[in-house]
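Trainee: May I request a close look at a single part of this model, with the cut-off behind every term that is used?

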Amino acid sequence: MEETFAESPYYEALDVDSKQMYKDLISRYVGRDPFIMKMSEFSKELRHLPTIEAVDITSYLVPLFYTIPQMKAYKRLEAYNLFVSGCVQNLGTKQLPDDCRLVFARVNHSQRSGEAPLKTWIIAKKDGEVIAAHCNCMASLSESCSHVAAVLFSIEAEVRTRDAGSCTSEQCRVLMMPSNEKEIPAAPVAEIDFFSAKSKKLKPDCSTDGRTAENEPGKCPPCPRVKKGSETYCRFLENLRKSCPNSLALMFLTIPQTAPKEHDYYYGSNTFN
């Protein structure tokens with residue numbers, strides 16, 4: 001057992017007392033440090049998830065990390081924003097003895113997409129009672145943090161969807177959770193999703209109770225494109241230059257002095273082409 005724990009950087013970083021507590025917990029429920037397990041050891045099936053409900057989340061996080069007033073306004077929490085922004089990825093479940101479940105997930109950084117995702121795991125009973133949780137973020141012995149809370153919110157949402165009978169497979173997660181991209185490619189403005197986390201919060205709520213979210217990305221009618229060199233095109237760039245006089249890109253941009261007044265708009269695949 002010592003050799004196994006030595007392979008976990010998280011365990012090695014703990015102080016002496018915390019190491020013993022951590023080792024006792026793992027020895028009792030899992031037998032191996034979850035931080036050194038491979039994703040292939042976990043099931044992606046929703047039916048294996050513990051039935052975690054809102055009351056189970058509150059019971060675990062209060063008073064370890066949040067207060068009751070904070071939990072009442074849970075949609076304002078950073079943890080909930082991580083969840084609805086799609087930062088919780090690769091959710092997997094491993095069945096343990098005594099009808100317990102080990103849930104492992106990776107949580108992407110909300111503002112630092114280039115960094116490696118954090119590893120978070122939770123031990124819970126099949127009926128949803130949360131026994132313990134850990135995350136390898138900077139919060140030392142992180143038995144509760146915003147990343148742990150985000151994973152709990154993710155499990156609760158997927159369990160609601162599963163129990164509602166709306167889906168039973170891995171495809172459910174693709175439909176329900178907003179994706180989180182590690183690299184953001186360049187794209188025309190018309191194709192960029194400007195919906196805020198507040199708007200995205202409606203998505204998981206709607207998917208579990210049968211409602212339809214309005215104004216979803218991709219549902220809007222096509223936007224008319226502006227022809228390059230047209231009067232509208234030139235007027236837009238002039239106004240943009242006045243609004244952003246210090247923009248280097250606009251300083252070196254040549255704007256035609258005369259432009260045709262007809263055929264300003266068209267419906268094409270590219271903007272300003």
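Mentor: What follows begins with the whole chain, then takes up one helix, and closes with two further regions.

The model is predicted, so local features need pLDDT of at least 70 and side-chain atom pairs count only at pLDDT 80 or more, whereas totals for chains, interfaces and linings use all residues. Residues are numbered from 1 along each chain as its sequence is written, and side-chain values use heavy atoms, with hydrogens and water left out.

The protein chain comprises 12 helices and six strands; both are DSSP runs numbered from the N terminus, helices being H or I with at least four residues and strands E with at least two. Of its 273 residues, 40% count as buried (under 20% relative accessible area with a 1.4 Å probe, protein chains only; exposed is over 50%, and partly exposed lies in between). Contact means heavy atoms within 4.5 Å. Among contacts between residues at least 6 apart in sequence, 61% join residues at least 24 apart.

The part chosen is helix H7, residues 146–164. Its 19 residues reach 27 Å from the first C-alpha to the last, close to the 27 Å expected at 1.5 Å a residue; the expected span is 1.5 Å times one less than the number of residues. H7 is largely enclosed by the rest of the structure, because 16 of its 19 residues are buried. After H7 comes Gly165, with a positive phi near 80°.

Two residues illustrate the setting of H7. Ala149, which belongs to this helix, is buried with a relative accessible area of 0%. Leaving out residues up to four places away in sequence, Ala149 touches Leu61, Tyr66 and Ala79. Leu82 is 67 residues from Ala149 in sequence, yet their C-alpha atoms are 9.2 Å apart in space. Arg162, also in H7, is buried at a relative accessible area of 15%. The Arg162 side chain reaches the backbone oxygen of Leu49 at 3.0 Å. This is a polar contact: a pair of N or O atoms within 3.5 Å, where within protein one must be able to donate a hydrogen and the other to accept it, and residues adjacent in sequence count only if both atoms are side-chain atoms.

One packing partner of H7 is helix H4, residues 54–61. The angle between them is about 165° and their axes are 10 Å apart, the axes being lines fitted to C-alpha atoms over the stretch in contact and the angles running from 0 to 180 degrees between N-to-C directions. H4 and H7 are therefore roughly antiparallel, a term for angles over 145 degrees (under 35 is roughly parallel, 65 to 115 roughly perpendicular and the rest oblique). In the packing, Ala54, Ile57, Tyr60 and Leu61 of H4 meet Val148, Ala149, Leu152, Phe153 and Glu156 of H7.

The loop between helix H3 (16–29) and H4 holds Ser43, which is buried with a relative accessible area of 18%. A polar atom of the Ser43 side chain lies 3.1 Å from the backbone nitrogen of Glu45, and the side chains of Ser43 and His48 form a polar contact of 2.7 Å. Beyond neighbours within four places in sequence, Ser43 is in contact with His48, Leu91, Gly92 and Thr93.

Elsewhere, helix H11 (residues 231–243) has 13 residues and reaches 18 Å, close to the 18 Å expected. Thr232, Tyr233, Cys234 and Leu237 in H11 are buried.
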